[in-house]
Amino acid sequence: MNSAAGKRIIGWLAFGFFFVGFANAQPSSQEKTESLFVDLVDYWDQEIRERSTTNYQQQIDSLQATLTQKEDSFYVCYTLGRAYAAIKDYESSLKYILQAAKLAEDGTSEKSIIYYIKGLSADDEGRYGTAIEYYGICIQNYELIPEPQILDHVIAAYALEFSGNNYERLSNFQKGYLSLKRGLEIAESYELIDIQKSCLADLGSVEDLLGNTDDAIFSYQKALALYSEDDFKDEVYAIATLGIGSMYVEKKQAPKAEPFLKQAVAVLQELIHYSILDGEIPDQKRYESYLADALDTYGLFYLQKNQIPDALGAFQQAIELGKKTYQRPFSRELSRIFVHKASCYFKLQQYEKALEACQAAYKGILPDMNAADTLPDAADFYPESVLLEALTIQAKCYFARYEKKSSQDDLRSAIECNRLANLAASQLRRGIGHESDKLLLTDETHQRAENALAAAYALYQLDPQERHWQLGFEFAERSKANLLLEAFQDRHARLQVGLPDSILYQEKDLQRQLTAAELAFRDLKLSESPSRIALKQAEEELYHARRQYDLLEARLEKTYPTYYRLKYSSEMPTLAQMRASLLNEGEALVEYFMGDEFLYIFMLTKNESHFFRQASGKKLSDLIESTLTSLTSFKEAERVSYNRNAYQLYQKILGLLPIESYKKLIIIPDRELALVPFEALLTSGLTEIVSYADFPFLIKKHICSYAYSGNLLFHTYTRARLSEKAPKTFMGMAPGSFPGSNLAPLPHTIQEVEHLKKRLGGVALTGAQAQKEALLRSAHDFQILHLSTHAVAWDAESHTAWIALAEGTAETAKIRLDELASLRLQADITVLSACETGAGHIERGEGVMSLARAFTFAGSQATVQSLWPVRATAADPLIEAFYEGLIAGKDKATALHEAKLALLHSEQAALHAPAMWAAFVAIGDMRPISLPAYGLGWWGWIGLMSLLIVAGMGFYAYKRNARN
């Protein structure tokens, strides 16, 4: 339910009370407030049943006269305030609401009422972010009132509900969910039935957008359950019914959807009928706006059934009704229907009509747009999801028309639409606080990028200039690793602005509290039978933790505008900048974009750039899966299939590229390719099966390293650290044994960590000392982090990944992915000597959501991670050789490359299989690490002996001179 409807409910409730309340004797101020809201539902029901014919302006005229005649003017002032709000005269509304607040003398703060009215005004003007700020002040004030009264609870509940609606509009669904849940909790605690109904209906909408269709249906059903058989079926009833129908449309269960859609339409038509009889024009328009929503849903229902003419008819009816009823200057509801209509025309290949519908959509959300313009001006953009949807459809139309008519103007228009869509997505992203919401947006961005890349590739084929290469590269990059890039930019902004230590400590503490609250709530929700009280308490704690963190973030952005600008900078490096910063002679960067239809490949060197396209789809995914199956097997029988699969995959993803003369490859994979160690692919096919040592592995020709995105890697290399380097060199952790769990002991890991401490200095936490709390508390101080233990890429029970460490009570602790991501690191490298630390589920565009990625998110410049379970007989010598390379001053990629080759060329034939050496990959900043001189090595011993000889000669000379 939109906020306009919600505020009018307040007005009607107040009117309902007015007709009954004045018959009573003079009550106390406390009784005034309680009587006004505790019995609201009864008064409202009576108002509806009696069908009052008095419209808002007549009410105002009558009340103005009453105000001069009655001594007790509280009810009159309050009702006048609501009446003026209903006709959008907010200045007068505020005046009378404040008078009523003074007369009530209860706990309600005048400040809350002021900002509540300001919020309603901002809502009507489409300034949703501003409205959220105003409602937030109401909520904050409510939390500070020692003994809130009923009116306080009502204002807070409505402020939370309207904030939730606005967060939904801005695609900030998790915040919307928490806000609505908190509003519902207040409404339930104080039996505010109407607010309960509307909050539940709004919750259904948010849960739908979060992809939780079953939860959405449950919320709608809970709203309907608050109505008895005899209750009047109002607009919230219609909205909830329509919501259930919409959910079944999404679930593609048309037979279940249609009865609910019909019922919603019937209820709304009845409400319209009565409002016409009663002469209640504002009510009629509001009900008609909901009927337009219902017809829009009917259109989607028909569209899903591929009944395009019926869908167009429903959308057109919705538009005609919406034109009469949507009153806002920014009519996003009407614009969304135009976007749906454009989708219909696109399916019919009627691109001109589809483009006209997109233009109509822009008029509703960009009122200053020049009618002659075919594309909106980016300067007019604001966070609005409908704008993004319209640009996406328009881009698809232009490109489809180009493919049909070969008009380069259409091709360039398609590219410009996609560029604008990226800007619109960036603006939406700025207002999103929760990772899951950002992942939803990233997934959509990745899908849009495939359309954008098709256009960019077509332009490159027509005119293969490097600026067109960069255009395609930027489209691919905009869909990659956005969460990691934002985390990096946030850290950089904090350091460059120089935020006070007190704020940084506060932020770190609030982040940990929020992470703990999120994990506690998720664990409770996933448990078999969580108690309702415990779940409610966990939700409340999560809401407060999220709110405290958001308040701090908002304060930072207002107090430090430079921080805000740097944090959300969306500048992309130029081709020249990337060459200068990332590439030396003999090095090549290779980036992939894996779409549903095509695989796009970009190659960049000091002097060349190449842009390729290959067929993708299910065949490529199946080839990757079969290659990984044979690659990770330790069975001899897999050699034949591995020989076939690894060479076919090489041909598919590297065969077109002129990489022969480039020793080092920086690989930026996409989707399933992120699970493939490229160095284990075969550069030629074998006619006969030989030993693994003789296989033509890519590693024999090239050194491979990996990155999440070119943009992130560029900023990692070019933005020098503004803080001091980590004060300590090395922290290694190895529990060795895992009491209280079914994990096997790993005694060799203790030896590994102790050996590394001798070579590097620093700290070795082994056995019971390898505590989870030690990592959380001290990881920030170390240049190198090394964890040698058990890890699980996905735990079905806890629904997350974790690393096993020790607990302070001689038990095994599990440090989970969310906790790792909340760390604040300044490590040059994190080495995860454990199983599957680079594996995990894949988020389209964002990559593998692995344990290693969590360390990158937390600030580690590079990670060494494993893609599958590795045997200690291979892992131990590989890790030792890798560190020896680092100590010798080699870059990380070369050190790991040589460590792998050492296994491949080992005298032990069992170590030659790629399953033994290919699992570990290095990702991120591959530059050498500057280590203190600790642990001597050969050159160290030579230097020490030379020093001793020189010292001895000096001592001998001194003695001889003394004798003389």
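**Close-up 1. Glu 819 and Lys 772, a buried pair.** Welcome to the first view, where Glu 819 and Lys 772 are both buried. In this predicted model, their side chains meet in a salt bridge, with 2.9 Å from N to O. Glu 819 belongs to helix α33 (residues 817-821) and Lys 772 to helix α32 (residues 772-778), so the pair ties together parts that are 47 residues apart in sequence.

**Close-up 2. Arg 182 and Glu 185 within helix α10.** Here both partners sit in one helix, α10 (residues 173-189), three residues apart, which is about one turn of the helix. The closest N and O atoms of their salt bridge are 2.7 Å apart. Arg 182 counts as buried because its relative accessibility is 11%, and Glu 185 is buried too, at 10%.

**Close-up 3. Asp 925 and Arg 927.** Another salt bridge joins Asp 925 to Arg 927, with 2.7 Å between the closest N and O atoms. The two partners are worth viewing side by side: Asp 925 is buried at 5% relative accessibility, whereas Arg 927 has a relative accessible area of 33% and is therefore partly exposed.

**Close-up 4. A network of salt bridges.** Have a look at how Asp 443, Asp 596, Arg 671, Glu 672 and Arg 844 are linked to one another through salt bridges. Side chains of opposite charge can pair when their charged atoms come close. The count of salt bridges comes to 25.

**Close-up 5. The negative surface patch around Asp 373.** Asp 368, Asp 373, Asp 377 and Asp 380 form a negative patch on the surface. One of these residues, Asp 373, lies in the loop that runs between α18 (351-365) and α19 (385-405). With a relative accessibility of 35%, Asp 373 counts as partly exposed.

**Close-up 6. Ser 866 and its surroundings.** Ser 866 is found in strand β15 (residues 862-866). Its relative accessibility is 0%, so Ser 866 counts as buried. Setting aside neighbours within four places in sequence, Ser 866 is in contact with Ala 834, Cys 835, Glu 836, Thr 837, Gly 838 and Ala 839, and also with Ala 919 and Phe 920.

**Overview. The chain behind the close-ups.** To place these views, note that the chain has 38 helices and 16 strands. Of its 964 residues, 58% count as buried. Among contacts between residues at least 6 apart in sequence, 72% join residues at least 24 apart. The accessible surface of the chain comes to about 39,600 Å², and 51% of that belongs to carbon and sulfur atoms.

Methods
Residues numbered from 1 in each chain as written. Predicted model: local features only at pLDDT ≥ 70, side-chain atom pairs only at ≥ 80, totals over all residues. Heavy atoms only, no water. Helix = DSSP H or I, 4+ residues; strand = E, 2+ residues; numbered from the N terminus. Buried < 20%, exposed > 50% of the residue type's maximum accessible area, 1.4 Å probe, protein only. Contact = heavy atoms within 4.5 Å. Areas by Shrake-Rupley, 256 points an atom, 1.4 Å probe, with all protein chains shown as cover. Patch = residues over 30% accessible without salt bridge, like charges linked within 9 Å, V, L, I, M, F, W, Y side chains within 5 Å. Salt bridge = Lys/Arg side-chain N within 4 Å of Asp/Glu carboxyl O. Lys, Arg positive; Asp, Glu negative; His and termini not counted. Charge placed at Lys NZ, Arg CZ, Asp CG, Glu CD.
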